[in-house]
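Morning, everyone. I have one structure to walk you through today. Please have a look at it first.

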Amino acid sequence: MTGLDLAHPDHLVPDSRGVGPDGDLFLTFPVESPAVRAASLARNDELPAVLELSDVAPVAVPHRIRGRARVSGWLSCVPGLAGPGRMALRLEFGEAYVDDLWGAEEVGAEAFRDARPDPLAAHETELLQHLHAAHGEQLRTLCALLGERSAVAGGPGGPDVVPVALDRFGLRARFLEGRGACFDARFDFPEPVRDTGELQRAMYRLFEAAAH
């Protein structure tokens with residue numbers, strides 16, 4: 001939303017966000033937010049807007065931003081949906097673009113509408129932080145699964161290994177080689193996991209394979 005007052009940029013960050021059954025986004029702002037003011041004054045509920053999101057790894061690691069996304073559409077007020085002092089805005093979906101660790105692509109309206117959270121999404125932060133803090137030696141054993149790079153990476157003075165992403169399909173780790181050099185490797189589970197119990201077993205098998 002170009003031209004908005006940026007004196008309080010935090011007022012342009014929604015307090016909460018969610019996706020409705022039709023794929024539209026619902027964003028909650030303080031009533032004094034410039035976004036609410038602009039949407040209230042817009043004619044025919046046609047205020048073009050872009051929501052930008054950044055995905056930051058929950059562990060300290062070089063190149064910490066894991067991805068960025070942009071969702072553009074048209075903003076309008078939805079009175080009565082938010083609590084006191086807040087206003088809900090609906091961002092009617094127009095188009096979306098994602099650039100992350102898995103690649104860059106446009107996201108269609110139906111794919112966006114039908115997407116569901118990964119079953120580990122709510123636990124990913126604590127799981128990655130636990131792996132990083134308590135399982136550093138086991139993570140280093142993953143060097144053995146790097147194929148042609150195993151001999152170099154797994155030798156004396158080999159890279160530190162930091163877990164940077166975890167989902168139902170596998171673990172992504174970042175290998176820090178020193179002087180700012182690093183590379184990522186993805187370790188897929190034999191089959192997607194459905195909860196933290198299945199994840200624990202999958203991680204055990206992954207570390208067991210690396211140790212032999």
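I will start with the overall picture, then go through the cores, the rings and a few single residues.

One thing up front: this is a predicted model. Everything I quote is computed from it.

So, the overview. The protein has 212 residues, and 37% of them are buried. It contains 6 helices and 9 strands. The accessible surface is about 12800 Å². Carbon and sulfur atoms hold 51% of that surface. Now the contacts. Take those with a sequence separation of 6 or more: 49% of them join residues 24 or more positions apart.

Next, the inside. How many residues does the largest nonpolar core have? The count is 28. Five residues have the most contacts inside this core: Leu142, Leu171, Phe175, Phe187 and Met203. Which elements each supply at least two of its residues? Two helices do, helix 3 at 124–134 and helix 6 at 196–211. Three strands do as well: strand 7 at 160–167, strand 8 at 170–178 and strand 9 at 181–188. Helix 6 gives the most, with 6 residues. Another core lies apart from this one. That other core has 19 residues, and Val36, Leu51, Met87 and Phe112 are among them.

Let me stay with Phe187 for a moment. Leave out residues up to four places away in sequence. Phe187 then touches Leu142, Leu145, Leu146 and Leu206. Phe187 also touches Phe169, Gly170, Leu171, Ala173 and Phe175.

That last contact takes us to the rings. The structure holds 3 aromatic pairs. Start with Phe175 and Phe183. Their ring centres are 5.0 Å apart and their planes are at 5°, so this pair is stacked. Are these two residues buried or exposed? Phe175 is buried, at 0% relative accessibility. Phe183 is buried too, with a relative accessible area of 12%. Now Phe175 and Phe187. This pair is tilted, with 6.4 Å centre to centre and 55° between the planes. It links distant parts of the chain: Phe175 sits in strand 8 and Phe187 in strand 9, 12 residues apart. Both Phe175 and Phe187 are buried. Put together, ring pairs link Phe175, Phe183 and Phe187 into a cluster.

Strand 9 also holds Ala181. Ala181 is partly exposed, with a relative accessible area of 34%. Beyond four places in sequence, Ala181 touches Phe175 and Leu176. Compare the position of Ala181 with that of Pro159. They are 22 residues apart in sequence, and their C-alpha atoms are 9.7 Å apart in space.

Over to helix 1, residues 34–41. Which of its residues are buried? Pro34, Ala35, Val36, Ala38 and Ala39 are. What do they pack against? Four strands: strand 2 at 25–30, strand 3 at 47–56, strand 4 at 65–78 and strand 5 at 86–100. Val36, remember, is one of the residues of the 19-residue core. The N-terminal end of helix 1 has a cap, Ser33. A side-chain oxygen of Ser33 lies 3.1 Å from the backbone nitrogen of Ala35.

Strand 4 brings us to Arg66, which is found there. Is Arg66 buried or exposed? At 8% relative accessibility, Arg66 counts as buried, because the cut-off is under 20%. Again, skip its neighbours within four places in sequence. The contacts of Arg66 then include Asp55, Asp99, Asp100 and Glu124. Among the others are Leu101, Leu128, Val164 and Ala165.

Just before strand 4 comes a loop, the one between strand 3 and strand 4, and His63 lies in it. His63 is not a glycine, although it has a positive phi of about 55°. With a relative accessible area of 57%, His63 is exposed.

Last stop, the cysteines. How many disulfides does the structure hold? The number is 0. Cys143 is buried, with a relative accessible area of 1%. Cys182 is partly exposed, at 26%.

That is my tour. To recap: a core of 28 residues, another of 19 apart from it, and a ring cluster of Phe175, Phe183 and Phe187. Thanks for listening.

Terms used: Residues numbered from 1 in each chain as written. Predicted model: local features only at pLDDT ≥ 70, side-chain atom pairs only at ≥ 80, totals over all residues. Heavy atoms only, no water. Core = buried A, V, L, I, M, F, W, Y, C linked by side-chain atoms within 4.5 Å. Buried < 20%, exposed > 50% of the residue type's maximum accessible area, 1.4 Å probe, protein only. Contact = heavy atoms within 4.5 Å. Areas by Shrake-Rupley, 256 points an atom, 1.4 Å probe, with all protein chains shown as cover. Disulfide = S-S within 2.5 Å. Polar contact = N/O pair within 3.5 Å; in protein donor to acceptor, adjacent residues only side chain to side chain. Phe/Tyr/Trp six-rings, centres within 6.5 Å; stacked < 30°, edge-to-face > 60°.
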